[in-house]
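Biologist: Please take me closely through one helix of this model and the packing around it, and then follow that packing outward to the rest of the assembly.

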Amino acid sequence: MFDDFFTRALIAGIGLAITVGPLGCFVIWRRMAYFGDTMAHSALLGVALSLLFDLNLMLSVFIVAAAVSLLLLLLQKRGALSTDALLGILSHSALSIGLVMVAFMTWVRIDLVGFLFGDILAVSEADIDLVWGGGILVLAAIVYLWRPLLASTVNPELAEAEGLQPERARLYFMLLMALVIAIAMKIVGILLITSLLIIPAATARRFATSPEIMAVLASAIGALAVTGGLFGSLHFDTPSGPSIVVAAMGLFVLSLLPFGRNRQVETAIHSTHGGHH
Amino acid sequence: MLNFHKSDQAPLVSLNNAGIRRNDRWLVRGVEFSISRGEIVTLIGPNGSGKSTTAKAAIGVLKPDEGWVEKLPGLKVGYVPQKLAIDWTLPLTVERLMTLTGPLKGREVEEALHSTGIAHLARAEVQHLSGGEFQRALLARAIARKPDLLVLDEPVQGVDFSGEIALYDLIKTIRNRTGCGILLISHDLHVVMAETDTVICLNGHVCCRGTPQMVSQSPEYLKLFGSRAAKSLAVYSHDHDHTHLPDGRVLHTDGSIT
């Protein structure tokens, strides 16, 4: 039953889920879900550029995602348009430019569906090395940046006043996101990367009593979703990327059921906004 | 009391003709003051007069577009911002909030929570606190790290009247015990802590300054807020066993009011 390709998919998928868990927490704490989408969509432009200039695929996706996030920072400083409008423009522009460029390159045939939805069953041993090597690097950086990142998530001015550097933490965070998207593209695909970032983290919220526990739980829940999704896709012969996301969604729905723990937290999740002003 | 601080010490922070400009408009301009160890400076002024902006310039969050700000090297700041919204998705207990910007010993956290009267809430999630409890938690967080300079932007907002007196008392105690400098922004134009050494009245610029008594009688203050306001510029004083309330009544330490 366990073919080699399936074992490789499992190892790569679990490695990726563990890596994105803590990042996903920051994405939802900072309300940056749409930002993750934008970076992921811009990955297609990275694909097109890599074909055009014969660059390493992952490197060119990373460069484009990083460039898009820096562009966003610049446009935000000008302050003419709101962040979500800017993200909408960047996201779909990058995606469309990528598609148009691909159409011009008549000499290449690319599997667009493969990039949009990923192909985890095609990961090689080199891909596994990359996922785990990159993953360890990303997690080490997150641990190192944890305090400034968390403090500036709560309040950047407070963090800055008390000697941390929120701007720098934010920049590093964006670069880490770009790196993770470059690594994850092959596995879950451009359209589904953000779901792996957000859904396990949102599921973890209900059971977490501290930010650190939530980050660890998000990784664990993500790994569970990858495992469940892959076995499901094998059993029902469904596409692997979407199956993983469906499994993650299943776990999220389970977390909403009113069993165990206190209900205060649950109502907290349901409320659309909160906090003190 | 007015000369509590030793003026021969170098100030913790000083603003020299500082101005902050946004979108072709000066939010505040020509601000000059300094805070020394053990000194309490209170900023008052109407909405939009540049109080928070001035405080942010003092702690280096905003860079002045004109003039300059000098800070003692290695200055440790404790900051209570005016607005702080913590997203519901972030699980954060009061205890965890304490070590947000730096590590602390368990004993230091306990002390800070105890002195602000919220030791029983250590394990509560911050999103479940009332406005007053949340302000105490923020104050506890700022003092727990034993700062040289405490910057409090409307620290008693949302706190009821007796809680307000208790918090002002606590701020005074912190100053006396640790000798830190305090920059306080009052949410109420007419209320200033009695221990304040210098009141600075802002309205886009420094419109007047001095001891609380001096400011309440200065012509600029009268012009800005009217003579009724001046009559009611209340001073919280704490003379050992009783407190003078703004309306002239006296609050005794046992809680009775005469």
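**A helix and its surroundings**

Modeller: In this predicted model, the buried residues of helix 11 of chain A pack against five other helices of chain A, namely helix 1 (4-29), helix 5 (112-117), helix 8 (166-188), helix 9 (193-205) and helix 10 (211-236). The residues of helix 11 that count as buried are Ser240(A), Gly241(A), Ser243(A), Ile244(A), Val245(A), Ala247(A), Ala248(A) and Phe252(A). Helix 11 itself runs over residues 240-256, and its 17 residues reach 25 Å from the first C-alpha to the last, which is close to the 24 Å expected at 1.5 Å a residue.

Two of these packing partners deserve a further word. Helix 9 of chain A, with 13 residues, reaches 19 Å between its end C-alpha atoms, close to an expected 18 Å, and helix 9 is mostly covered, in that 13 of its 13 residues are buried. Helix 8 of chain A leads to the largest nonpolar core, a set of 160 residues in which Ala65(A), Ile181(A), Ala184(A) and Val151(B) have the most contacts; helix 8 gives the most to this core, with 15 residues. Because domain 1 (1-76 + 148-258) and domain 2 (83-146) of chain B both give residues to this core, it lies between them.

Val151(B) shows what such a position looks like at the level of single residues, since leaving aside residues up to four places away in sequence, Val151(B) touches Ala161(A) as well as Ala55(B), Ala58(B), Ile59(B), Val77(B), Tyr79(B) and Leu183(B). As for the two chains as a whole, 25 residues of chain B are in contact with 29 residues of chain A. On the chain B side, strand 5 (77-80) and helix 4 (131-144) are the elements that give two or more residues, and the residues of that side divide into 15 nonpolar, six polar and four charged.

Chain B has seven helices and 13 strands, and 45% of its 258 residues count as buried. Among its contacts between residues at least 6 apart in sequence, 65% join residues at least 24 apart. Asn17(B), in strand 1 (residues 13-22) of chain B, counts as exposed because it has 12 C-beta neighbours inside 10 Å. Beyond the residues up to four places away in sequence, Asn17(B) touches Gly30(B), Glu32(B), Glu66(B) and Gly67(B), while its C-alpha atom is separated by 9.8 Å from that of His205(B), 188 residues apart along the chain.

Definitions and conventions:
Residues are numbered from 1 along each chain as its sequence is written. Chains are lettered from A and ligands numbered from 1 in the order in which they are written. This is a predicted model: local features need pLDDT of at least 70, side-chain atom pairs count only at pLDDT 80 or more; totals for chains, interfaces and linings use all residues. Helices (H or I, at least four residues) and strands (E, at least two) are DSSP runs, numbered from the N terminus. The expected span of a helix is 1.5 Å times one less than its number of residues. A residue is buried if 20 or more other C-beta atoms lie within 10 Å of its own, exposed if 12 or fewer, and partly exposed in between; C-beta atoms are placed from the backbone. Two residues are in contact if their C-beta atoms, placed from the backbone, lie within 7 Å. Ala, Val, Leu, Ile, Met, Phe, Trp, Tyr, Cys and Pro count as nonpolar, Asp, Glu, Lys and Arg as charged, and the others, Gly among them, as polar. A nonpolar core is a set of buried Ala, Val, Leu, Ile, Met, Phe, Trp, Tyr and Cys residues joined through C-beta atoms within 7 Å. Domain bounds come from an automatic or database domain assignment.
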